[in-house]
Amino acid sequence: MIEMNIIANQSIEEDIIEVLEAHGFRDNFSLFSPLFGRGRHGRREASAIWPEKNVMFYIVMEDDQIDVLVADLKLLKEKFEQEGIRCYVKRDISRLL
């Protein structure tokens, strides 16, 4: 099993949800919002000075689901090249409960 974290600008939250739903993750992901932070694209603090904020999706999937999902996320990143979007995976996780 693979754990995936997608961190992105909140402006593309719905677009990411559409990609997840297209790959069968309609009801099985977690969304953390708002997510504050700093990065190459600047600060995301939802304040008067830095008004933008990020979101983070947490998804657990089978190994064979990752490649097609990442391919579509890359297309999304190309479409919204000015928006920050990062994807991290952790392989070989185990479910304990």
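Which residues on the other side of H2 are exposed? The legends below take up this question and then turn to the strands, and throughout the structure shown is a predicted model.

**View 1. The exposed side of helix H2.** On this side of H2, which lies across from the buried one, the exposed residues are Asp 67, Lys 74, Glu 78 and Lys 79.

**View 2. The length of helix H2.** Helix H2 covers residues 66-79, and because each residue is expected to add 1.5 Å, its 14 residues should span 20 Å. The C-alpha atoms at its two ends are 20 Å apart, which agrees with that expectation.

**View 3. The buried face of helix H2.** Ile 66, Leu 69, Leu 73 and Leu 76 are the buried residues of H2. When the helix is seen down its axis, these buried residues fall within an arc of 85°, so they line one face of H2. They pack against two strands that also appear in the next views, E5 (54-61) and E6 (85-91), and likewise against strand E1 (2-9) and helix H1 (13-22).

**View 4. Strand E1 in its surroundings.** Of the 8 residues of E1, 7 are buried, where buried means under 20% relative accessible area, and the strand is therefore largely enclosed by the rest of the structure.

**View 5. The pairing of E1 with E5.** Strands E1 and E5 run antiparallel and are joined by 8 bridges, and within this pairing Glu 3 stands opposite Val 60 in E5.

**View 6. The pairing of E1 with E6.** Strand E1 also pairs with E6, again in the antiparallel sense, over 7 bridges, and here Met 4 stands opposite Val 89 in E6.

Methods
Residues numbered from 1 in each chain as written. Predicted model: local features only at pLDDT ≥ 70, side-chain atom pairs only at ≥ 80, totals over all residues. Heavy atoms only, no water. Helix = DSSP H or I, 4+ residues; strand = E, 2+ residues; numbered from the N terminus. Expected span 1.5 Å × (residues − 1). Buried < 20%, exposed > 50% of the residue type's maximum accessible area, 1.4 Å probe, protein only. Arc of directions from axis to C-beta. Contact = heavy atoms within 4.5 Å. Pairing = 2+ DSSP bridges.
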